[in-house]
Amino acid sequence: MLSPQAKRRWQRFKSLKRGYYSFIALCVLILLSLFAELWVNNRPLIVSYNDEIYFPSYGDILPGSTFGLDYAWETNYRELSEKFKQENNGNWVFGPIIPYNPFENHFIEGEYPPYPPSMENKHYLGTDMAGRDILSRLVYGFRIAILFSLFLLVITYVIGIVIGALMGFLGGKFDLVFQRIIEILSNVPILYIIMIVASIITPNFWTLAVMLGAFSWMGLTWYMRTETYRENTREYVLAARAIGASNWRIILKHILPNSVSILVTFFPFSVVSGITALTSLDYLGFGLPAPTPSWGELLQQGTSNLDYIWIAASAVVALTIVLTLVTFIGEAIREAFDPKKFSYFS
Amino acid sequence: MNILKHLALLCSGILFSLLTSADSLPENLEWQTNNDAPIWANPNAQKGGVFTDFILSFPPTLRNVGPDSNSSFRSHINANQLGLVNFHPNTLEVIPELATEWAYDKDGKTVYYRINPKARWSDGVSVTADDFLFTLEFMRSPHINAPWYNNYYTEQIISVKKYDSHTISITGAVERPKDELHYYYGINPTPKHFYKTLDENWVKQYNWKIVPNTGPYQISQIKNGKQIEFKRKDNWWAKDFKYNLGRFNADKIIFKVIRDVNIAYSHFEKGNIDTFTLVQPEFWHNKATGALYDKGLIEKFLFYNDMPRSSSGVFINQDHPILKEKNIRIALAHAMNFEKVINTVLRNDYERLQAFHTGYGKYSNNKIKAREFNLKKANEILDNSNWSERDGKGIRIKEGQRLSLNLVYGRKEHTERWAIIKQDALKAGIEINLVLQDSSAHYKTIMQKQHDMTSLGWSTGFRPAYWQHFHSDNAHKPQTNNITNMDNPKIDELITSYRSATDTTKRIKLANDLEMLIHETGAFIPDFKVPYTRGAHWRWIKFPDVPGTKNTGNLYSPFGNGGLFWIDNKMKIETKSSRKSKTKYPAVNKVFDQFKVKES
C-alpha cells in the first residue's frame, strides 16, 4: 500500500505530462526490448512443418535436420521459408518484423557492406561494417545497456545506502574513517582503472558492472549520511529508541523510508550515467567483448566510417532519445518530490 | 654503470688488437664482381624537378641509432647510406655498391671486400677501411645507447680486419650460405672523421646533426616540425654507375609534415603532393575517384609485387587440452571462413595466404594450399573424433566439455573479420570467443603462452626462419616465439639441418620439406596477404614501362632500390594550367602483373 504522501507524489508526477509520458515511453521501450526475441530475430515465431507446429524463438537451437535439411547446425530460416514457398506443401514460416539477429552477418551478393537503409532488404536502418542489422543491434544493445545500468544502480545503491546510513547513524570514528576512504576513492579515475583491467582480462557483463559499481557508490553516501544525521535526532527516532527498537530496525523502518525521497530523485540520473559509462567503454573498446551488440561499438564504427552516415546517425539518435527520456523523467521526479510543494515540516 | 665501463674497456681492447694486427690477405682468394645483371630503371629518364611527399610526424631525431631513432623517417636516412654490396631487387643476385669486388673465405663466415676508391662521403672525404673499423667501435659503444646494436655488433659481427686502406674482411659468428653472409654480416661504414668524440653526450649532441652519407641525396634543409628537404648531389660519386642509371631523378625531395592522412589526401588532390599510396580499401575504392581521375589528371597504378609476406594467421597453442589433438586443429581450419571475409568486408582486396613462409622465392613451398572453408570436412572430422554430440546451442560437447575456444587478438579494427569467422564456425559446432586485448597485453598473453589460439602476423626476413617459431627448444616456455608450442622431433631435426646447411639447393629442399611438415601439423592457419602495392600520382610523374621491381613495397619511394620515377616539368605546367580548363586526357587505371605470382 502506498502511503498518502507517496500517493500525492505519484499524482503530482502524473500531472507533469512531459515526464509522465517519457516514463511510459521508456517503460514500453524496456518492455519491448525484454521481449526482443519475438520481434527482432532471425528465428521465426512459428514454423509449421508436416503438421507440426514449432516455436523456435526461445530455447535451444533447432538443427536443420528438424525440418528435413541435411545439416546439424541451426536452421537458416530465411532459406527454409523460401524452400517451403517453392515446395508449396502447406508448410510455412511466420517470422518477426525485423528478421535479423544482432550477430548475423547478412551479405548481399555483389555488394560490399555496409548496406544503406532499405525497406526491401528489411534493413530499416541499414547495416554496420560487418553486414549486421543496425536496428537489431540497437534493440539488443539497448536491452543490455538498460539492464546493465539497472544492475549497476542496485549495486551502487545498496553499498551507498548501507555505508551512508551507517556513517550517519554511528558517527564518530566510523564516519571519519569512511569519509577519508570515500575521498580517496572519489579521486580514483574509474574509467582509466577499468581500461587497465579490461586490457588484461576480458570483462563480461557482471565483472564490468561490479567493477564500475565498486567505484561509483561514493556520491550517494554523502546524501544518505546527512539525511541519517538529521533524521536520527528527530523525535520519532528518539521515541522508537525509547521503546527499545534495535539499531537495524531504526535504520530500516524509520530512517530509510523518510530519506528515500532524496534517493529516488537521483534514480534517473544514475541510469543515465550507467548507460553512458557502458557506451563510452564500448566506444573505446574496453567494454563488453565483441561481438556483443552495443551502442558504443556502433558509435565507434560510425565515427571511423563517417561516409556511411547511417551507422553513426542511428547510434547518436538512439542515444539522444533514451537519454532525453530519462532526463525528462528525472526532472519530473524531482519536481514531484520537491518538499516545497508538500511540506511536512512543523 | 660498472658493467658499461667494463664493456667499454673490453670493446676498446678488442679494437686495439684489431688496429694493431697487421694482417695479410690469404692467398687464392677468388675475387668476384657482378656487372652483368639487368638494370631496373629507364636510363633515359629525365633529371630535374621537385618531388613532394608527406610524413605523418616530424622525426624525433636525425640519428639512425640510439633513443627515439626507430621512427619511420629513419628509412629515408638509411636509404642514403650505401652498403658494401646490394641485392638486385629482381634477381636477388649480389651486385656491387661501395665495394667493387668481394671474395669468400674457406671458413664459411668471412667475406673480403675491396672498397671502391672513388667512394666519397657527402663532404668529399674518401670512404676507407678505417670507416668500417670505426663502425664496429661505434656500434659497440655504450654511448650510443642502443643495446640491440651493441649486442648484434658484438655477438654476430665478430671482427673487421683492414688489409690496406681499401681492403677489409668481415667475420661473422656462424657459417652461412654465401649470399646470406652479405645480408647478415655486410656492415655499413661510419664517417670516422665526422664523429670526433664518442662520449656520453653523443645522443644529445648528434640529435640534429646531418651525418655525411654515401647515397644519392643528402638533407639540405630542415624546417623544424614542418618539413625536411633532400637535395640530389650534383657530383655523386656513383651517379654513372650501371645500376644507378635512370634512377634518383628529382633534384629535390621534400617531405612535408601533415599529421592526418585525410588532410594529406586533400593536399594531393590540390597537387601539392605528387603521389599518394592507396593500399587502404577505403581510399582506393571511395576517395580516389571522381573528376580528377576521370579527366586523366591523376593516374592510378596497381602493382603486383613478389616479396616475402608477413606470416599472418591464427596460431594454435598445441599445449591446450583440446587443441593438442591434430584432428581438432584441422577441423578448426576448415571451419574458418576466410574466403567469406575476403569477399565481403575486405572487398576482395586481400588474398588468402597459403603457407607460413610465402614470397621467399624457391624457399617457399608453393604446393601448399591453406585448408579451405569446408563445413562438410570440418563436421566429418569432428564427428569421427568423439565430438559428435551437440548441446542446446549447437556447440559440440565431449564428456561434459564444450568445444569452446578463445581467440586472442590485439587489433580493434579486426573485430569485424573475427565476428564473421565466429558465426560460420558455429555451424561446425565450434564456439570461438573473441578476446580483444590492447596490443601490449596481447603480446604479453602470447609470450606467456596463455592463449588457446591467437591472431598475429610476424614480420618478414631475408630467408625463412624456423628455429624461433617451431623448434622444441623454444616450446613450453614463456618469452619465445614458438607460440604454437611446436614440439616435433622430425621438425627439430630438419630445422637443425637447415640452420647448418650452407648449400643453397639443400637448404631450399629443407625449407620446402619443413614448410610441408608445419602445414601438416595444422598449428598455423594462414589468413590474408596483400600481394600488391597501389597508389595514385599526378600525370607529370613518369615511370619506366615496368614501374617497380619484384620487391617494390612502395612505388613512390624516392630512395633505396626505388627512385625509378621522374618528373616531366613541361607536363606539370601544362597540367596545372589545364586543370581549370575542360581539357580531358585519357583516364589511366593500370594494373601491372609482371611479378604476380601465378598460383597453380
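**Exercise 1. Find how helices α10 and α12 of chain B lie against each other, and which residues make the contact.**

Before you start: this is a predicted model, where local features need pLDDT of at least 70, side-chain atom pairs count only at pLDDT 80 or more, and totals for chains, interfaces and linings use all residues. Residues are numbered from 1 along each chain as its sequence is written, while chains are lettered from A and ligands numbered from 1 in the order in which they are written.

*Step 1.* Locate the helices: α10(B) covers residues 326-335 and α12(B) covers residues 375-383. Helices here are DSSP runs of H or I with at least four residues, strands are E runs of at least two, and both are numbered from the N terminus.

*Step 2.* Two packed helices are described by the angle between their axes and the distance between the axes. For this pair, the axes come within 8 Å and cross at roughly 160°. Axes are lines fitted to C-alpha atoms, for helices over the stretch in contact, and angles run from 0 to 180 degrees between N-to-C directions.

*Step 3.* Now name the arrangement. Under 35 degrees is roughly parallel, over 145 roughly antiparallel, 65 to 115 roughly perpendicular, and the rest oblique. So α10(B) and α12(B) are roughly antiparallel.

*Step 4.* List the contact, meaning C-beta atoms, placed from the backbone, that lie within 7 Å. From α10(B) come B:N327, B:I330, B:A331, B:H334 and B:A335, and from α12(B) come B:L375, B:K377, B:A378, B:I381 and B:L382.

*Step 5.* Sort them by class: 7 nonpolar, 2 polar and 1 charged. Here Ala, Val, Leu, Ile, Met, Phe, Trp, Tyr, Cys and Pro are nonpolar, Asp, Glu, Lys and Arg are charged, and the others, Gly among them, are polar.

**Exercise 2. Do the same for α5 and α9 of chain A.**

*Step 1.* Take α5(A), residues 134-170, and α9(A), residues 218-232: their axes come within 7 Å and cross at roughly 40°.

*Step 2.* That makes α5(A) and α9(A) oblique to each other.

*Step 3.* Look at who touches whom: A:T156, A:Y157 and A:G160 are among the residues from α5(A), and those from α9(A) include A:L220, A:T221 and A:Y223. The class count is 10 nonpolar, 8 polar and 2 charged.

**Exercise 3. Decide whether B:K477 and B:D568 are buried, partly exposed or exposed.**

*Step 1.* Get the rule straight: with C-beta atoms placed from the backbone, 20 or more others within 10 Å means buried, 12 or fewer exposed, and in between partly exposed.

*Step 2.* B:K477 sits in the loop between α15 (467-470) and α16 (489-500) of chain B. With 11 other C-beta atoms within 10 Å, B:K477 is exposed.

*Step 3.* B:D568 lies in the loop between β25 (566-567) and α18 (569-578) of chain B. B:D568 has 17 C-beta neighbours inside 10 Å, so B:D568 is partly exposed.

*Step 4.* Check what B:D568 touches: B:Q46, B:W540 and B:K542, leaving out residues up to four places away in sequence. B:W540 is 28 residues from B:D568 in sequence, but 5.1 Å away in space, C-alpha to C-alpha.

**Exercise 4. Work out the edges of the sheet β11-β23-β12-β26 in chain B.**

*Step 1.* This is an open sheet of 4 strands with mixed pairing; strands pair if DSSP finds at least two bridges between them.

*Step 2.* β11 (275-277) and β26 (589-592) each have a single partner strand, so they stand at the edges.

*Step 3.* Follow one pair: β11(B) and β23(B), residues 532-538, run antiparallel, joined by 3 bridges. There, B:T277 has B:G535 as its bridge partner.

Conventions
Contact = placed C-beta atoms within 7 Å.
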